[in-house]
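Visitor: Please give me a close look at one surface feature of this model. Then connect it to the rest of the chain.

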Amino acid sequence: MRTSTELSAHSVDDGRINSRGGRINSLVSVELEDKAEDEAPRRSPRLHHLDWLRSCMIFFAVFCHVWQTLHFPPQHAADDVVYTSEPTTSAAYYLRWVQLGRLVCIPLLFFVSGAALALGPYSAASSGRGIGPTFLKVGVLTLAGLALNGLIFLAGPRDERCSLEMAEKLHCKGPLMDFLIAPNAGSLFPILYQFWYTLFLLLFLAEDAPLYRELLSLSTGGEPSLPRLLLRWLAASALYVLAGLAPPALHLQDVLLLVAAEAAFLGCVCGSARAAAAGAGPAVRLWQYGAAAAAVLQFGVPRFQITTFDTNLVLYYHAFRQLMTLGFVVTLTRASAAPVASRAWPLVLFGLILLCPSTSFTLAGMITYPWFPKTADRLLWLGGSFVVPLALDRIGRTFAAAGADLPLPASVGVGTLLLYFVHPLFIAVFARFPVFRSEPFLL
């Protein structure tokens, strides 16, 4: 946009505006254009690494589902493929990939979902217009997906033991299929299947919508609303108490830890938002590290004893709500957060080595995200699930600031979302084809 002086001089030189009235009209029109630009809503710049991460993790989740149908996972499998000529477990490489991928797949998806809220409905540019449209879109997608999964489930046999591998041995028969996409999972989970993620996403959006608005207000210099924060803590505490004491009940001290750590987590994310408003760069990031540590302790120490889809699993998966909130506040405060650990980034290698999981496969409750019997294993695993998203997000924003990142091709973004929606149908149709079951195809 030229200044008014430049426009006037340019107009005179070109001979297009030679009267004083013409120059006044030109200046008025320029001022109106400037005002219109100032009043137009500004969109947050797109962080391309978030698109890449979401598509990559969706692709991995689909790979895991395909592998799970073709090779039902064992309880345990040693990663002996590197030191024996004939591995004792079939598809040992797949077991390794699934075990490593479980550390980051679902945590990154929730982290990115929280970040997207900070760039869209709860960005400073949007003035916190709310989650209504997002909630509606996710809800419609979920209902449509559940209906499709329900039809696929009804097309198969009623015996939950009828996996693809056991279909012939058990003489399984259904209206259209002789195997189940999700065997040994009861009658509910095969219908939920991949859409458990969007159901939890809707739950977390409903639970934390007031918190997102509060964090946005704090990050722009607003005063904390203690009644709103207290209500948010009391609501979460009520959930932990009611669900934690219902069968299969948690120990009382575990419930109390969930309640106390929730207060610490809320204090840290609010502290980060307030530090951003004050321009206290390093403190913004340090508060975020504190929130991550509180969440790891909150869900790593309690003995949830995850074996199936029950109230303890719902509580345990609320660790993903904290990841979603952390992704939100990290993205919301990105302009103010000064680097801390990344200034000595080679030292992060020690943390990644410390938190790196074993390549030997252990089912540990649910294949989606494991729960280990030993507290140390749970803390290390959860620690990795929080550290890796924070590290990848910092790397992505560093490349974005340098203008060195590439946008995700639209076809890839749409394709992975479509794949996420319809891959159970794809498995149901093609699982019986030999080429689909071959290792080269999966590779």
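**A nonpolar surface patch and its setting**

Guide: Start with L425, F426, V429, F430 and F433, which form a nonpolar patch on the surface. Together they offer about 430 Å² of accessible area. Areas here come from the Shrake-Rupley method with a 1.4 Å probe, and for residues only the protein chains shown count as cover. A patch takes residues with over 30% relative accessible area and no salt bridge; nonpolar side chains (Val, Leu, Ile, Met, Phe, Trp, Tyr) are joined within 5 Å, like charges within 9 Å. A salt bridge puts a side-chain nitrogen of Lys or Arg within 4 Å of a carboxyl oxygen of Asp or Glu.

This is a predicted model: local features need pLDDT of at least 70, side-chain atom pairs count only at pLDDT 80 or more, and totals for chains, interfaces and linings use all residues. Residues are numbered from 1 along each chain as its sequence is written, and side-chain values use heavy atoms, with hydrogens and water left out.

Now take L425 itself. L425 sits in helix α16, residues 410-430. Helices (H or I, at least four residues) and strands (E, at least two) are DSSP runs, numbered from the N terminus. With a relative accessible area of 38%, L425 is partly exposed. The scale is simple: buried is under 20% relative accessible area, exposed is over 50%, and partly exposed lies in between (1.4 Å probe, protein chains only).

Next, the record. The unreviewed UniProt entry lists residues 408-433 as a "transmembrane region". Other spans with that label include 100-122 and 256-277. UniProt positions are given in the numbering used here, feature names are shortened, and annotations may be inferred rather than shown by experiment. Compare two of the listed spans with the model. Residues 100-122 are 74% helix and 0% strand, with end C-alpha atoms 33 Å apart. Residues 256-277 are 100% helix and 0% strand, and their end C-alpha atoms lie 32 Å apart.

Step back to the whole protein. The model has 18 helices and two strands. Of its 443 residues, 48% count as buried. The accessible surface comes to about 21,600 Å², and 67% of that belongs to carbon and sulfur atoms. Contacts (heavy atoms within 4.5 Å) are largely long-range in sequence: among those between residues at least 6 apart, 76% join residues at least 24 apart.

Charged pairs come next. Side chains of opposite charge can pair when their charged atoms come close. The structure holds nine salt bridges. One of them joins R54 and D51, at 3.9 Å from N to O. R54 and D51 both lie in helix α3 (residues 48-70), three residues apart, about one turn of the helix. R54 is partly exposed at 29% relative accessible area, whereas D51 is buried at 11%.

D159 pairs with R161, the closest N and O atoms being 2.8 Å apart. D159 is partly exposed at 27%, and R161 is partly exposed at 47%.

R303 and D254 also meet in a salt bridge, 3.2 Å from N to O. R303 lies in the loop between α11 (281-300) and α12 (311-316), and D254 lies in helix α10 (residues 252-278), so the pair ties together parts 49 residues apart in sequence. R303 is partly exposed at 31%. D254, at 3% relative accessibility, counts as buried. Elsewhere, salt bridges that share partners join E207, D208, R232, E262 and R321 into one network.

Last, the cysteines. A disulfide is a covalent bond between the sulfur atoms of two cysteines. The cut-off used is a pair of cysteine sulfur atoms within 2.5 Å. By this rule there is one disulfide. C162 and C172 form it, with sulfur atoms 1.9 Å apart. The torsion about their S-S bond is about -90 degrees, so the disulfide is left-handed. C162 and C172 each lie in the loop between α6 (132-154) and α7 (189-192), so the pair ties together parts 10 residues apart in sequence. C162 and C172 are buried.

C268 is in no disulfide; its nearest cysteine sulfur, that of C270, is 9.5 Å away. C268 counts as buried at 11% relative accessibility. C270 is in no disulfide either, and at 9% relative accessibility C270 counts as buried.

Methods:
Contact = heavy atoms within 4.5 Å.
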